[in-house]
Amino acid sequence: MAGGDPAPVVRRRIGLGAHVWWDAVTSGAFFSPAALWISILITVTVLAPFQHIDEGAGVAHVVSVGFLGWAALAVLLVPVALAERRLRRASHRGILVLTAVAVAAGIRPFVNEAIYVGLYDGVPDFDGIGARVGSNVFVWLAGLSIIAMTVRSIELTRGSRRRLTEAIAALTAGRRRLARFESENRAELAPLVSRLRRRRDEMLAGTIDFAAVRAYSEEVRTASHRLEERAGLDLRAVEGGTGEHVIEPPSRSALTMLRPAPYLLTGFVFLVGAAPYAYESNGPWAALAAILAGAPVTLAADAVIRWLARGKAPARRGRILVGVWLAAGVAMTVVAWVILGPADPTRFVPLISLPLVALALAACTDAIARAADSAHRLEAVLSLVARTLTAKTASARRPLRNAAHVLHGRVQGRCVLLAAAADEWELTPDDIETFRRETDAAFDSILAFIAETDSAALEGTLQGAHEDLFELVATWRTVLGVSSEISPEAVDALQDPALSRRVATVVNEGFVNAIKHSEAKEVWLSIDVVDGALLVRTWSRGVLDRRPAVGPELRGIDVLGVGSRIYQRDDVVVLEVPVPLSPGLAVASAPVRRPWWTTRASRVG
């Protein structure tokens, strides 16, 4: 809200950054192929031992020393990369990775000096070694972390997209089976009614006695039972279409994968890495001058990019971002020339390092944003598909159940009365006409109900998607194995249609979360009455994505009601929502319950 306190937003953004960073550091894949190749680029450009150019070494010698130093340290880090994939505890992986990178970065200047002396019989240069060590530690920790966050976000996006797309494909196949089911229903109901009319007329045209009426009643009862069985048919047994429609994500150019990083972040990362070297080279005034000159340049670049890129297509935005940061790199090169002097070979480093830092952060920012955006979009689509399929399935079953009810209750009931009358006395024409009129009305009501249902479907006025909680669970069983434990008190409470719809909304969201967070194919559902509310829990084995929502545009569980929470418990992700039994009753917090994480044996459907 305009004029509001920005502190909560800042705290949320900082929290988001911390969560994303720690998740990447502890992912078990910190040392990735992307980190390998980009670290080579950094080694032979930004962090090459340029101090030896003054001693007569050419650029090729400096670059070769930087590359050999990288190779030596990369070999030392191979056991660490293997170990991080084997450690079970995330905190242990994080400590191992950060310690190894810090140590390798700290000894890198000494390794480079040793290689230079060994190859070219030169004199080691340890001037400003503290600044070089500090710059190396910061650059490698920050640089590899940025790469890891980018790779991790891309992997999360692909994983969520794949699982959700598979689920959507399964539900789409369910829609094809439903279409076949509806087509078969229409092909069966009208002929069935016609056949029962014809058999009735044949009976009434012959000798009407107890045996004849009873035989016809048996036909009606058989038809009614067959319709009941079909109404309860598991749609997975229905043959669907064979065509598969797989939606591939559109290909993206490198420029579309860039998004402006948060204000001041690029400048902060760049200056923290550059200030120690300026300090060691020309004293504290040089470090202060670098900060005072660099901060406005990088802040201006942030502002100009946002101003020029506002409303532009992603590719155009990427070109603007690259161009502005290259210009900022030129400006910082001029600053370095003034501070370090024309003889210092490192004065050209900002020309490469600042755009490199900016582009790395821009790619990381885009990957994180797209990871969240694609997951939320697919969640919304998956939820909508499940709800729509549930509504249409309930609608498709309704004419069958209505027909079975009419045949069993009205037609068969008329048969019982007619058989009893035929057994007691000789039937009059009025008796026969009354039977014909009442059974015709029953048959006509079946056909009218079919027409009304078809009309409602065409007008898009289907009943609420979650009218039947068990229908929703049956829909999801085409995607997941669903086990449930619903207490008798909860079953009684769920007879209220409005409450059932609210609970089904929660269950639907829980199943979507199971697809999002888990590779597993099974989910558990628990519903119980606790302190004036239905406590609904869904859980599945998986890992919770700990990134908090930053803005209201992101889907969150708060929309499910007060007291909703999602959390990790051992190896399972749990969604827990208290649904008040009374619509006006607010639940302050989720009640504490007995242990729930034991495997349930019962199944719904």
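**Notebook: side-chain pairs and burial**

I started with charged pairs and found the side chains of glutamate 113 and arginine 132 meeting in a salt bridge, 2.8 Å from N to O. I count a salt bridge when a side-chain nitrogen of Lys or Arg is within 4 Å of a carboxyl oxygen of Asp or Glu. This pair links distant parts of the chain, with glutamate 113 in helix 4 (residues 90-120) and arginine 132 in helix 5, 19 residues apart. Helices here are DSSP runs (H or I, at least four residues), numbered from the N terminus.

I note that the model is predicted: local features need pLDDT of at least 70, side-chain atom pairs count only at pLDDT 80 or more, and totals for chains, interfaces and linings use all residues. Residues are numbered from 1 along each chain as its sequence is written, and side-chain values use heavy atoms, with hydrogens and water left out.

**Burial of the first pair**

I looked up accessibility next, taking buried as under 20% relative accessible area, exposed as over 50% and partly exposed as in between (1.4 Å probe, protein chains only). Glutamate 113 counts as buried because its relative accessibility is 1%. Arginine 132 has a relative accessible area of 12%, so it is buried too.

**Other salt bridges**

I searched the whole structure and got 21 salt bridges. One of them joins glutamate 184 to arginine 230, with the closest N and O atoms 2.7 Å apart. Glutamate 184 is in helix 5 and arginine 230 in helix 6 (residues 210-231), so this pair ties together parts 46 residues apart in sequence. Glutamate 184 is partly exposed at 29% relative accessibility, whereas arginine 230 is buried at 15%.

I also checked aspartate 366, which forms a salt bridge with arginine 317, the closest N and O atoms being 4.0 Å apart. Aspartate 366 belongs to helix 10 (residues 349-424) and arginine 317 to helix 9 (residues 314-340), so the pair ties together parts 49 residues apart in sequence. Both aspartate 366 and arginine 317 are buried.

**Arginine 197**

I then asked which residues are linked with Arg197 in a network of salt bridges. The network holds Arg197, Arg200, Asp201, Glu433, Arg436, Asp440 and Asp444. Arginine 197 is in helix 5 and is buried, with a relative accessible area of 19%. Its side chain is joined to that of aspartate 440 by a polar contact of 2.6 Å. A polar contact is a pair of N or O atoms within 3.5 Å; within protein, one must be able to donate a hydrogen and the other to accept it, and residues adjacent in sequence count only if both atoms are side-chain atoms.

I listed the contacts of arginine 197 (heavy atoms within 4.5 Å). Leaving aside neighbours within four places in sequence, arginine 197 touches Asp440, Phe443, Asp444 and Leu447.

**Aromatic rings**

I searched the whole structure for aromatic pairs and found three. Rings of Phe, Tyr and Trp (its six-membered ring) pair if their centres lie within 6.5 Å; planes under 30 degrees apart are stacked, over 60 edge-to-face, and the rest tilted. Phenylalanine 30 and phenylalanine 31 are edge-to-face, at 5.3 Å centre to centre and 85 degrees between the planes. Phenylalanine 30 and phenylalanine 31 are both buried.

Phenylalanine 67 and tryptophan 70 are stacked, at 5.6 Å centre to centre and 25 degrees between the planes. Both lie in helix 3 (residues 59-86), three residues apart, about one turn of the helix. Phenylalanine 67 is partly exposed at 36% relative accessible area, while tryptophan 70 is buried at 15%.

I found arginine 306 over the face of tyrosine 263, 4.1 Å from the ring centre. The cut-offs here are CZ of Arg (or NZ of Lys) within 6 Å of the ring centre and within 35 degrees of the ring normal.

**Valine 503**

I placed valine 503 in helix 14 (residues 497-517), where it is buried at 0% relative accessibility. Outside its neighbours within four places in sequence, valine 503 contacts Leu469, Leu494, Ile527, Leu534, Val536 and Val579. The C-alpha atoms of valine 503 and valine 579 are 6.8 Å apart, with their positions 76 residues apart along the chain.

**Cysteines**

How many disulfides does the whole structure hold? I found zero, taking a disulfide as a pair of cysteine sulfur atoms within 2.5 Å. Cysteine 364 is buried at 4% relative accessible area, and cysteine 415 is buried at 1%.

Notes:
Helices (H or I, at least four residues) and strands (E, at least two) are DSSP runs, numbered from the N terminus.
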